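I opened the model to look up how its strands, helices and chains are put together. The entries below follow the order in which I went through it.

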Amino acid sequence: MGIFDYAPAPESRAVVDIKPSYGLFIGGEFVPATGGAFKSVNPATEEVLAEIGQASAADVDRAVAAARQAYGAVWSRMPGSERAKYLFRIARIIQERSRELAVLESIDNGKPIRETRDVDVPLVAAHFFHYAGWADKLEFAGYGAQPRPLGVAAQVIPWNFPLLMLAWKIAPALACGNTVVLKPAETTPLTALLFAEICRQAELPAGVVNIITGAGETGAALVAHPGVDKVAFTGSTAVGRAIARTVAGTNKKLTLELGGKAANIVFDDAPIDQAVEGVIDSIFFNQGQVCCAGSRLLVQESIQDELLDALRRRMGTLRLGDPLDKNTDVGAINSAEQLARITELTAAGEAEGAERWSPACELPAQGFWFAPTIFTNVSATHRIAREEIFGPVLSVLTFRTPDEAIAKANNTPYGLSAGVWTEKGSRILSMAKRLRAGVVWANTFNKFDPSSPFGGYKESGYGREGGLHGLEAYLDV
Amino acid sequence: MSEKTATKKAAATKAAAKSTPASVTATTTAPEPASAPAVRLDVRKTYKLFIGGAFPRSESGRSYQVTSADGAFLANAALASRKDARDAVAKARAAFSGWSGATAFLRGQILYRVAEMLEGRRGQFVAEIRSVEGLSEAKARAQVDAAIDRLVWYAGWTDKIGQIRSTANPVSGPFWNVSSPEPTGVVALFAPERPALLGLISVLAPAIATGNTAVLVAPDSAALPAISLAEVLATSDLPGGVVNILTGKASELGKPLAEHLDVDALDLAGIADLEFATTLEQAAAENLKRVLRPSAAPVDWTEAPGTRRLTAFLETKTVWHPVGS
């Protein structure tokens, strides 16, 4: 690493207190699960962190019943202004306990503390703060004088942004007057369980938020439960499809935020250094385990060499390692299973003839790791150009004209996000208009805000999360 | 032609004559010269499909009899096949870029033009609805009026829906951030059987007002007003392929459209069999189509529709850009 080496700068783990085992949070109490238990592992070390209760169908029943009871007896009757104050309280407690949440998230998920501390947790608090203010202003949202909540919301979230996805789901649901049963991902339950404790600190009425842990069957039982009125899911397109089939023919309102294969388009007039930083953010943020990651770089042919040289140089400075080290840029892959998928797809990339490159990068012996990787000579038919890899792997394609860039960018069943880099304003606007994607980042990438609606076109799902648009998912409109 | 049909037709034409449209007075009886036959033989209309701006027969060569409310023969209509449905989807897809890219003002003018053309043919539609639905003239007239008024209502929405559904988002940082709606794409619409014309317009107008293109499945019993509506659309400056109308059976066309990977959304308003609607919604999950479920309770289509059908087939796009000097 050149003349100056980085000294280790680990964030202290002392701030978190991980219990040996966790139950389910139902009706305001932690109760034992009746479906057995599974382990949550630190993906950076493979250390077992805790035993987590596996919710059975009976537990799902109990959780839905608790949510229904709280909905009818308390939450749907409470004035919006009081609901608002609970949500503001939660936002404040998250801010107060932000370091604890950030460290715990890094330990359980493997993402760098720099991200959990500076991105995930601040956005979580901001999300609760934003929707808190909506709770007593729903009549101004454009859905009529007295928009009604739906009832009990079943929410199933992924492992890539465990606490942030929880916030995206719970904050608008509660603001609109619904109660929730939320299932965090099997590999990242710890911050959701800490959030349950935060609900108790906030003295949120029992049953308004219920957290049940488990794997796929628990999620399937929850979304299929006849007692829920709303289903919200973030995760893979395959599971989203299965959920859409499950709720077909019911009265359940459904929102899905699914996979992506975003194009990040760099024109020859783009400021190269900024574009390179944008490309780094677009694919190596959170180890590329981001549904809206810019996993296809479309670079204008005339600047291909210049851009890729700069990109390789910049990739050489990325620091991979201990997620709790404050200097770490690239953390651990969340699970052995995910690592296997990334490994399999990158092998397919090589087998299909694309050229693979990674910077010299030592991987820790323990844990799940994958070096930042780019593929050049990628053709549109390669699996690495079509399938969501969900890892720190960038596929580079080229184009000559804006029309070709649009054709290639839209040539995917997904439509979650896209990026455009150019100094020409009119071109930005025309590209933004023609890209079939729910979020377009122009001269930036991977920016999020509670007031900014997020969600996809086509097979990236439907419905929006965030801002005024995000209310619709939780109101009977 | 059976006696019953002749009577029915005469009733229909009489009703039409009252309302004066030139297009139907051709079939009314006039004082005849002594040497002419007592009754002039009708020139009947052939009812075909409406695909890509043209009026083809079904590729299958099939047709079916459309009968009046009391069972009398009215016409032979083309019985659309799954291949016709696929052709219609291809035309709707081809028309999407132009129609979604047209200005909202232009779309509004064209929808208003459709209303104008419909107004000019009121008598014809009143006659058709009377024969198909067996309604009194007053009720048929009320339905046609409501259908025209609904078109005018939606024509006015084209350049407003974007404003009420757009937001400038106050994000925490130096970014310009705006969300605005865009059409979903190709929508397959299953029109309710009754009211025949108002039902067709109620599902079609909102879908195309926002820039989607449509494959409209008209219930087999509504073929007459559906294909007459196609004639109206064909002469209203509506680009070919924006609306494609198939007459036939939802039970046959439902699955191919629900499964079609180039269809982006379904409006199941006309699927009365809720079990079948569930099957279609399940099939639609394959490519995550947006689905508007049918109502379990009877729908009063004369009620003010609100914006629900406009917003059902819209996507929200959010664009970020840094603010700097």
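**Entry 1: the sheet in chain B**

I began with strand β8 (residues 265–267) of chain B, which is joined to β9(B) by 3 bridges, the two strands running parallel. Helices (H or I, at least four residues) and strands (E, at least two) are taken here as DSSP runs, numbered from the N terminus, and two strands pair if DSSP finds at least two bridges between them. Within this pairing, I found Ala265(B) opposite Arg290(B) in β9(B).

I kept in mind that this is a predicted model, in which local features need pLDDT of at least 70 and side-chain atom pairs count only at pLDDT 80 or more, while totals for chains, interfaces and linings use all residues. Residues are numbered from 1 along each chain as its sequence is written, and chains are lettered from A and ligands numbered from 1 in the order in which they are written.

Following the pairing outwards, I traced an open sheet of 5 strands in chain B, ordered β7-β6-β5-β8-β9 and paired in parallel. The edges are β7 (243–248) and β9 (290–292) of chain B, each having a single partner strand, so one side of each has no neighbour in the sheet. On average, and with direction ignored, neighbouring strands of this sheet are turned by 15° against each other; the axes behind such angles are lines fitted to C-alpha atoms, for helices over the stretch in contact, and angles run from 0 to 180 degrees between N-to-C directions.

**Entry 2: the edge strand β7(B)**

How many of the residues of β7(B) are buried? I counted a residue as buried if 20 or more other C-beta atoms, placed from the backbone, lie within 10 Å of its own, as exposed if 12 or fewer do, and as partly exposed in between. By that count β7(B) is mostly covered, with 6 of its 6 residues buried.

In a regular strand the side chains alternate between the two faces of the sheet. In β7(B), Val243(B), Ile245(B) and Thr247(B) point one way, whereas Asn244(B), Leu246(B) and Gly248(B) point the other way, and all are buried. The parallel pairing of β6(B) with β7(B) extends over 6 bridges, and Pro219(B) stands opposite Gly248(B) in β7(B).

**Entry 3: helices on the sheet**

I next noted that α3(B) lies across β5, β6 (213–219) and β7 of chain B, running at about 145° to β6(B), where contact between two residues requires C-beta atoms, placed from the backbone, within 7 Å. Helix α8(B) also packs on the sheet, touching β5, β6, β7 and β8 of chain B, and its direction makes about 175° with that of β6(B).

For a single residue of helix α3 (residues 82–101) of chain B I chose Phe96(B), which counts as buried with 21 C-beta neighbours inside 10 Å. Leaving out residues up to four places away in sequence, Phe96(B) touches Gly185(B), Val186(B) and Thr213(B).

**Entry 4: backbone details**

Between Arg194(B) and Pro195(B) I found a cis peptide bond, with omega about -5°; Pro195(B) is in the loop between β5 (186–190) and α8 (196–209) of chain B.

In chain A, Gln287(A) has a positive phi of about 55° although it is not a glycine, and it lies in the loop between α9 (272–284) and β12 (296–300) of chain A. Gln287(A) is buried, with 33 other C-beta atoms within 10 Å.

Asn443(A), likewise not a glycine, has a positive phi of about 55° and sits in the loop between β17 (439–442) and β18 (461–462) of chain A. Asn443(A) is buried too, with 20 other C-beta atoms within 10 Å.

**Entry 5: where the chains meet**

Which element gives the largest share of the side of chain B that touches chain A? I first recorded that 27 residues of chain B are in contact with 33 residues of chain A. The elements of chain B that give two or more residues to its side are β4 (175–183), α11 (274–284) and β10 (314–322), and the largest share, 8 residues, comes from β10(B).

Across the chains, β17(A) and β10(B) run parallel and are joined by 3 bridges, with Trp320(B) in β10(B) as the bridge partner of Trp441(A).
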